[in-house]
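Ready for a little structure reading? Have a look at the model below, then try the exercises and check your steps against the solutions.

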Amino acid sequence: MWNTLQKYTGRTVEIIYLGRDNRITQRRIEIRLVEDGMVKAYCLERRAPRTFQASRILAVQPVGRKTA
C-alpha cells in the first residue's frame, strides 16, 4: 500500500479509511505528501487539510477526470 500511496502524490484519490474509533469512512482526498507512515492530504469532503495513518487506509482508487 505504501508504494501505491506514494505513486498517487499530487493526485486525487478515493480511500476507504478505518478511523481511530473503528468506523469505516470513504473519503476523496488530494494526496500532498506521504512520509513516515502518514499521508498528508486535502480532504475534498471536509474542505480542509487532513492527516491519515497509511496503515489505516484499507483501499485506494484514483479518481478519473470527467469529460464533457
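Here are three exercises on this predicted model, each with a worked solution.

**Exercise 1.** Work out the strand order of the open sheet, and find which strands form the edges.

*Solution.* Start by laying out the strands: the open sheet has 5 of them, in the order β4-β3-β2-β1-β5. Next, check the direction of the pairing, which is antiparallel. Then look for strands that pair on one side only; these are the edge strands, β4 and β5 (57–62). Finally, follow the sheet from one strand to the next, and you will find a twist that averages 45 degrees.

**Exercise 2.** Take a look at how β1 and β5 are joined: how many bridges are there?

*Solution.* Begin with β1, which covers residues 12–18. Strand β1 runs antiparallel to β5, and 5 bridges join the two. For a landmark along this pair, find I16 and look across to β5, where A59 stands opposite.

**Exercise 3.** Describe the largest pocket: its space, its lining and the strands that contribute.

*Solution.* First, the space: the largest pocket holds about 340 Å³. Second, the lining: 14 residues line this pocket, and those closest to its centre are Y17, G19, R20, R27 and T51. Third, sort the lining by character, which gives 7 charged, 4 polar and 3 nonpolar residues. Last, trace the lining back to the strands: β2 (24–35) and β4 (48–53) each supply at least two residues. Of the contributors, β4 gives the most, with 4 residues. Notice that β4 also appears in Exercise 1, as an edge strand of the sheet.

Key. Residues are numbered from 1 along each chain as its sequence is written. This is a predicted model: local features need pLDDT of at least 70, side-chain atom pairs count only at pLDDT 80 or more; totals for chains, interfaces and linings use all residues. Side-chain values use heavy atoms; hydrogens and water are left out. On a 1 Å grid over the protein atoms alone, a cavity is a set of points where a 1.4 Å probe fits but cannot get out, and a pocket is an open set with protein on both sides within 12 Å along at least five of seven lines; lining residues have an atom within 4 Å of a point. Grid points are joined across faces, edges and corners, and a volume is the space filled by probe spheres set on the points. Ala, Val, Leu, Ile, Met, Phe, Trp, Tyr, Cys and Pro count as nonpolar, Asp, Glu, Lys and Arg as charged, and the others, Gly among them, as polar. Two strands pair if DSSP finds at least two bridges between them. Axes are lines fitted to C-alpha atoms, for helices over the stretch in contact, and angles run from 0 to 180 degrees between N-to-C directions.
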